[in-house]
Amino acid sequence: MDNWGDKRFDAALDLLEERRFVEAVEAFSELIAMSPDMTGAYGNRGLAYLNLGMEEEARHDFETVLQLDPEDAMGYSMLAEVARFHGEPEDVLRHVNSALAINPDEPQAHFIRGWLFARAGQYEMAAIDLKRHIDLTADVDHADVEDFHNACEILAGDSPEDDLDQPIDTPEKADAFLGLHGWSFNYHENPEFEEDGLPCPFAHCIRNRPPLSPETGEGCPVFGYSCPGGVEQVGWCREHPPLLD
């Protein structure tokens with residue numbers, strides 16, 4: 001790219017970082033029209049699509065990245081992210097393994113694999129991958145991932161037992177504990193959510209899927225763009241968005 005193209009790319013990145021996703025899609029689309037082999041434009045447009053809840057459009061962009069550059073580890077990581085949102089654990093693991101085979105230090109791949117280990121109840125392995133992600137992204141403020149890591153370490157038995165109010169001796173209790181840290185994998189209604197310190201009666205983690213839609217800016221991992229928690233709950237979720245690593 002020439003200097004003018006570089007400036008347009010940087011401006012599009014600024015829109016993405018400011019979470020102005022619709023505008024970011026438009027900006028990266030203009031760059032792609034000018035330079036159809038620009039992998040960075042496809043990858044970042046895919047990330048904007050993903051944060052808009054437009055997974056199929058995101059998947060197409062990430063697949064295009066890999067068609068243009070089969071050695072792009074981040075492209076595989078982002079395909080894993082799409083599969084994660086769709087609840088396709090086998091595809092998640094396949095794409096993550098491809099990413100790490102290309103680049104063992106691909107940070108998002110470590111995060112996603114840590115998430116997958118935690119979902120499977122393998123908390124020690126989850127803590128290892130999440131710590132690696134944190135170390136590789138030391139310049140990013142991601143307190144939510146640190147909370148996730150700390151919770152997995154406790155569940156793995158790597159922290160003092162007096163950190164716990166009560167023994168965690170069932171998968172349900174483990175999930176509820178993760179929920180207190182914002183990372184529950186339980187998508188069933190929980191009538192005691194307030195007593196458990198959770199933000200929503202559906203004890204899910206709002207970070208498991210971007211909570212935005214292109215039209216309304218609303219949405220949730222369970223109900224898509226129609227949250228039964230209403231405007232107040234959606235407001236909470238929008239104040240606690242997933243991070244852009």
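**Helices, cores and one aromatic pair**

From the N terminus on, the elements of this predicted model run α-α-α-α-α-α-α-α-α-α-β-β-α.

Student: How many helices and how many strands does the chain have?

Tutor: The order of elements from the N terminus on is α-α-α-α-α-α-α-α-α-α-β-β-α. Counting each kind of element gives 11 helices and 2 strands.

Student: Which helix gives the most residues to the largest nonpolar core?

Tutor: The largest nonpolar core has 29 residues, and V92, V96, F111, F148, C152 and L178 touch the most other members. Two or more residues come from each of helix 5 (73-85), helix 6 (89-102), helix 7 (107-119), helix 8 (123-136), helix 9 (143-155) and helix 10 (171-180). With 7 residues, the element that gives the most is helix 7.

Student: How many residues does the second, separate core have?

Tutor: This core is separate from the one just described, and F9, M38, A48 and L79 are included in it. Its number of residues is 27.

Student: Are helix 5 and helix 6 roughly parallel or roughly antiparallel to each other?

Tutor: Two packed helices are described by the angle between their axes and the distance between the axes. The axes of helix 5 and helix 6 come within 8 Å and cross at roughly 165 degrees. Angles over 145 degrees count as roughly antiparallel. Helix 5 and helix 6 are therefore roughly antiparallel.

Student: Which residues of helix 6 are met by residues of helix 5, and is the crossing left-handed or right-handed?

Tutor: On the side of helix 5, the residues are A73, Y76, S77, L79, A80, A83 and R84. They meet D91, V92, H95, V96, S98, A99 and I102 in helix 6. The crossing of the two helices is left-handed.

Student: Which residues form the aromatic pair, and is the pair stacked or edge-to-face?

Tutor: A search of the whole structure finds 1 aromatic pair. Its centres are 5.8 Å apart, with 70 degrees between the planes. Planes over 60 degrees apart count as edge-to-face. The pair is F9 and F28, and its arrangement is edge-to-face.

Student: How many residues apart are F9 and F28?

Tutor: F9 lies in helix 1 (residues 3-17), while F28 lies in helix 2 (residues 21-34). The pair thus links distant parts of the chain, and the two residues are apart by 19 residues.

Student: Does F28 count as buried or exposed?

Tutor: Buried means under 20% relative accessible area. F9, at 15% relative accessibility, counts as buried. F28 is at 0% relative accessibility, so F28 counts as buried.

Notes:
Residues numbered from 1 in each chain as written. Predicted model: local features only at pLDDT ≥ 70, side-chain atom pairs only at ≥ 80, totals over all residues. Heavy atoms only, no water. Core = buried A, V, L, I, M, F, W, Y, C linked by side-chain atoms within 4.5 Å. Buried < 20%, exposed > 50% of the residue type's maximum accessible area, 1.4 Å probe, protein only. Helix = DSSP H or I, 4+ residues; strand = E, 2+ residues; numbered from the N terminus. Phe/Tyr/Trp six-rings, centres within 6.5 Å; stacked < 30°, edge-to-face > 60°. Axes fitted to C-alpha atoms, helices over the stretch in contact; angles between N-to-C directions. Parallel < 35°, antiparallel > 145°, perpendicular 65-115°, else oblique. Left-handed = near helix turned anticlockwise from the far one by under 90°. Contact = heavy atoms within 4.5 Å.
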